[in-house]
Amino acid sequence: MILAVACVAAYLLGSIPTGLLLGKAYGIDVRREGSGNIGATNLYRTLGRRIGVLTLVGDCLKGLAPVLAARYFAPSTDLAAWVGLAAFCGHVFSVFLRFKGGKGVATALGVFLALSPLSVAIALAVFLVLVLKWRYVSLGSVAAAAVMPIAVYVLRGSRAMLMVTALVAVIVIIRHHANIKRLVDGTESKFKA
């Protein structure tokens, strides 16, 4: 019962569309601008660095806060992992956006910062190397997502942690299917700092 309530609360928090709300504060529906995504990269390109960073932080906190709360009230990593998955799913399949949403990278970052910061450090290193080398945020995001379950496994995460990490990785990669196609076609937009 506690897990169910915690997961519903985490899902609802994750469902808050940070990027869409920030865009609307500036009179813009980001779903109709740039890539059409409500995530930090599109906000960065559409409204500038400050709003992009705010979106990143907001989406990250949606994953971080419920997992930290779960660990505080019930110090079970497994319970916290399922709560984190619920928050992540809220962002990707938002009840406020008819079960549509972002790609989940920033929210997943928040979840795993609370669950396995060392795994995040490994995945972040992969992300940074690829983005700095080739300037494709999508490539870095997909590669980091693929590395996370391996890092959790190597660091001896629990079975529940590994399952949650694998599910998140698969969803992030699937949500990037259009980016992957553009990367293969050579038409993906490069990141400009």
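Mentor: A salt bridge here is a side-chain nitrogen of Lys or Arg within 4 Å of a carboxyl oxygen of Asp or Glu. The model is predicted.

Trainee: How many salt bridges does the count come to?

Mentor: Side chains of opposite charge can pair when their charged atoms come close. With the 4 Å limit between nitrogen and oxygen, the count of salt bridges comes to 5.

Trainee: Which residues are linked with Asp29 in a network of salt bridges?

Mentor: One pair is Arg32 with Asp29, with 2.6 Å between the closest N and O atoms. That distance lies within the 4 Å limit. The network that holds Asp29 also links Arg31 and Arg32.

Trainee: Is Asp29 buried or exposed?

Mentor: Its partner Arg32 has a relative accessible area of 68% and is exposed, because the limit for that class is over 50%. Asp29 has a relative accessible area of 13%. Since the limit for the other class is under 20%, Asp29 is buried.

Trainee: How many residues apart are Asp185 and Lys181?

Mentor: Asp185 and Lys181 form a salt bridge, their closest N and O atoms lying 3.0 Å apart. Asp185 is partly exposed at 47%, whereas Lys181 counts as exposed at 55%. Both lie in helix 10, with a separation of about one turn of the helix, or 4 residues.

Trainee: Which residue meets Glu188 in a salt bridge?

Mentor: Glu188 is found in the segment after helix 10, which spans 177-185. The bridge there has an N to O distance of 2.8 Å. The partner counts as partly exposed, with 30% relative accessibility. The side chain that meets Glu188 is that of Arg182.

Trainee: Why does Glu188 count as buried?

Mentor: The class depends on relative accessible area, and buried means under 20%. Glu188 is therefore buried, since its relative accessible area is 10%.

Trainee: With which side chains does the side chain of Glu188 make polar contacts?

Mentor: Beyond four places in sequence, Glu188 touches Tyr136, Ser138, Asn179, Arg182 and Leu183. A polar contact needs N or O atoms within 3.5 Å. One such contact of the Glu188 side chain is at 2.6 Å, and another is at 2.9 Å. In that order, the partners are the side chains of Ser138 and Asn179.

Trainee: Which residues touch the most other members of the largest nonpolar core?

Mentor: The largest nonpolar core has 36 residues. Helix 1, helix 4, helix 5, helix 6, helix 7, helix 8 and helix 9 each supply at least two of its residues. The members that touch the most others are Phe88, Phe112, Leu115 and Val168.

Trainee: Which helix gives the largest share of this core?

Mentor: The core holds 36 residues, Phe88 being one of them. The largest share is 9 residues, and that share comes from helix 5.

Trainee: Which residues is Val168 in contact with, leaving aside neighbours within four places in sequence?

Mentor: Val168 is among the core members that touch the most others. Contact requires heavy atoms within 4.5 Å. On that basis the partners of Val168 are Leu85, Phe88, Ala108 and Phe112.

Trainee: How many residues are in the second, separate core?

Mentor: Among the members of the second core are Leu20, Val30, Ile38 and Leu97. The number of residues in this separate core is 6.

Trainee: What separates the C-alpha atoms of Thr107 and His91?

Mentor: Thr107 lies in helix 6, residues 105-115, and counts as buried at 0% relative accessibility. Its contacts beyond four places in sequence include Asp59, Phe88 and His91. Thr107 and His91 are 16 residues apart along the chain, and their C-alpha atoms are separated by 7.1 Å.

Trainee: Where is the place of Asn37?

Mentor: Asn37 counts as buried, because its relative accessibility of 15% is under 20%. Beyond four places in sequence, Asn37 touches residues including Val30, Leu43 and Lys103. Its place is in the loop between helix 2 (18-25) and helix 3 (40-47).

Trainee: Which helix gives the largest share of the nonpolar surface patch?

Mentor: The patch covers about 780 Å², and its residues include Leu12, Leu13, Phe93 and Phe99. Leu13 is partly exposed, with a relative accessible area of 32%, and patch residues must have over 30%. The largest share is 3 residues and comes from helix 1.

Note on methods. Residues are numbered from 1 along each chain as its sequence is written. This is a predicted model: local features need pLDDT of at least 70, side-chain atom pairs count only at pLDDT 80 or more; totals for chains, interfaces and linings use all residues. Side-chain values use heavy atoms; hydrogens and water are left out. Buried means under 20% relative accessible area, exposed over 50%, partly exposed in between (1.4 Å probe, protein chains only). A polar contact is a pair of N or O atoms within 3.5 Å; within protein, one must be able to donate a hydrogen and the other to accept it, and residues adjacent in sequence count only if both atoms are side-chain atoms. Patches are made of residues with over 30% relative accessible area and no salt bridge: like charges are joined within 9 Å, nonpolar side chains (Val, Leu, Ile, Met, Phe, Trp, Tyr) within 5 Å. Accessible areas come from the Shrake-Rupley method with a 1.4 Å probe; for residues, only the protein chains shown count as cover. A nonpolar core is a set of buried Ala, Val, Leu, Ile, Met, Phe, Trp, Tyr and Cys residues joined through side-chain atoms within 4.5 Å.
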